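Here is a short note to read with the structure open. Take the points in order and find each part as you go.

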Amino acid sequence: MDIRYAMHADHLKLLDTEGIRKALLVEKLFENDKLTLVYSHIDRIIIGGACPVDRRVAPQVTRQLGWIFSAASGDGDHQCGAAGTVTVDGKDYVLGSKDCLYVGMGTREVSFVSADKKDPAKFYFASAPAHAACPTVQVARAGAQQVNVGTAETSSQRTIYQMVHPSVLKSCQLVMGITELAPGCVWNTMPCHTHDRRMEVYFYLDIPQDAVVFHLFGEPGETRHIVVRNEQAIISPSWSIHSGVGTANYSFIWAMVGENQTFTDMDPVAMSDLK
């Protein structure tokens, strides 16, 4: 498991491009028939990816991994490839593209398998410590709570699909969903914001092969950027903005953990304050 440490805003000022990418960017989450895991000390979130081709993929219980799917975590799985099945304590959940499954605390066994190995599924998940058991719930993309924001005139028209969210299902602390940008729109989360009570991870997808996203982060008065490509993730500390602009439209899965689950608990940043 790849371990990422927490970062202070002053530390960011000392890093070059490679140092920033090493600290915050997750470049590869999917390898055939393997489970990839990244643990961040920022609110102890774990993100990961599974791409089962020739066999079922499941976590192997170790000292480091023993608690992820056991008595102390809640997990959100998103399917971002072809169809596949998540098996949770012997029960199968078939997920289509961009469907979601929340796996509650107390689960003992989780595994992933593709419906067709010639067109394998890609399972992306986020896991966070939990203090209460919540039911395992499947949410189709069509069943998510949809919020339309932004405008075509500002190249920011997008639809937010809230899936692991208090108005959709009960989770312990994880909040998770997908944002899809409309054709011709390239800005996400702009005007931007911070939320000191929660950290956030963006997992970018649907980026064309010859396109990139310039992900913006850092304190509002001293911003930086990372060039992100398809199926890469960015870890964002709570003190940082998290926004991006692409060379084409795209989607991203967002996952937040921290003190609360209030989606609107954020501090807006005025455009005039960005530097």
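The points below cover two sheets, a helix, a pocket and one serine.

1. Start with the status of the model. It is a predicted model. Keep that in mind at every point.

2. Find the sheet of seven strands. It is open, and its pairing is antiparallel. Read across it and the order is S2-S20-S17-S22-S14-S13-S12. The edges are strand S2 (25-26) and strand S12 (145-149). Each of these edge strands pairs on one side only.

3. Now look at one edge of that sheet. Which strand pairs with S2 over two bridges? The partner is strand S20, residues 232-236, and the two pair in the antiparallel sense. For a landmark, find valine 26, which stands opposite alanine 233 in S20.

4. Stay on strand S20 and find serine 236, which lies in this strand. Is serine 236 buried or exposed? Its relative accessibility is 3%. Buried means under 20%, so serine 236 counts as buried. Leave aside the neighbours within four places in sequence, and serine 236 is in contact with Met199, Glu200, Ile241 and His242.

5. Move to the sheet of four strands. This sheet is open too, with antiparallel pairing and the order S15-S21-S18-S19. Its edge strands are strand S15 (187-188) and strand S19 (222-228). Each pairs on one side only.

6. Check the S15 edge. Two bridges join S15 to strand S21, residues 241-246, and the two strands run antiparallel. Tryptophan 187 has a bridge partner in S21, valine 245. Next, find the helix on this sheet. Helix H2 (residues 17-24) packs there, touching strand S18 (213-219) and S19. The direction of helix H2 makes about 75° with that of S19.

7. Turn to the largest pocket. Its volume is about 280 Å³. How many residues line the largest pocket? There are 20, and the closest to its centre are Arg158, Ile160, Thr189, His193 and Phe263. Four strands each give two or more residues to the lining: S12, strand S13 (158-164), strand S17 (198-205) and strand S22 (251-258). These four strands also appear in the order of the seven-stranded sheet.

8. Finish with the character of that lining. By class, the largest pocket is lined by eleven nonpolar, six polar and three charged residues. Pick out Arg158 and Phe263 as a start, since both are listed among the residues closest to the pocket centre.

Terms used: Residues numbered from 1 in each chain as written. Predicted model: local features only at pLDDT ≥ 70, side-chain atom pairs only at ≥ 80, totals over all residues. Heavy atoms only, no water. Pairing = 2+ DSSP bridges. Contact = heavy atoms within 4.5 Å. Axes fitted to C-alpha atoms, helices over the stretch in contact; angles between N-to-C directions. 1 Å grid on protein atoms, 1.4 Å probe; cavity = no way out; pocket = protein on both sides within 12 Å on 5 of 7 lines; lining within 4 Å. Points joined across faces, edges and corners; volume = space filled by probe spheres on them. Nonpolar A, V, L, I, M, F, W, Y, C, P; charged D, E, K, R; others polar. Buried < 20%, exposed > 50% of the residue type's maximum accessible area, 1.4 Å probe, protein only.
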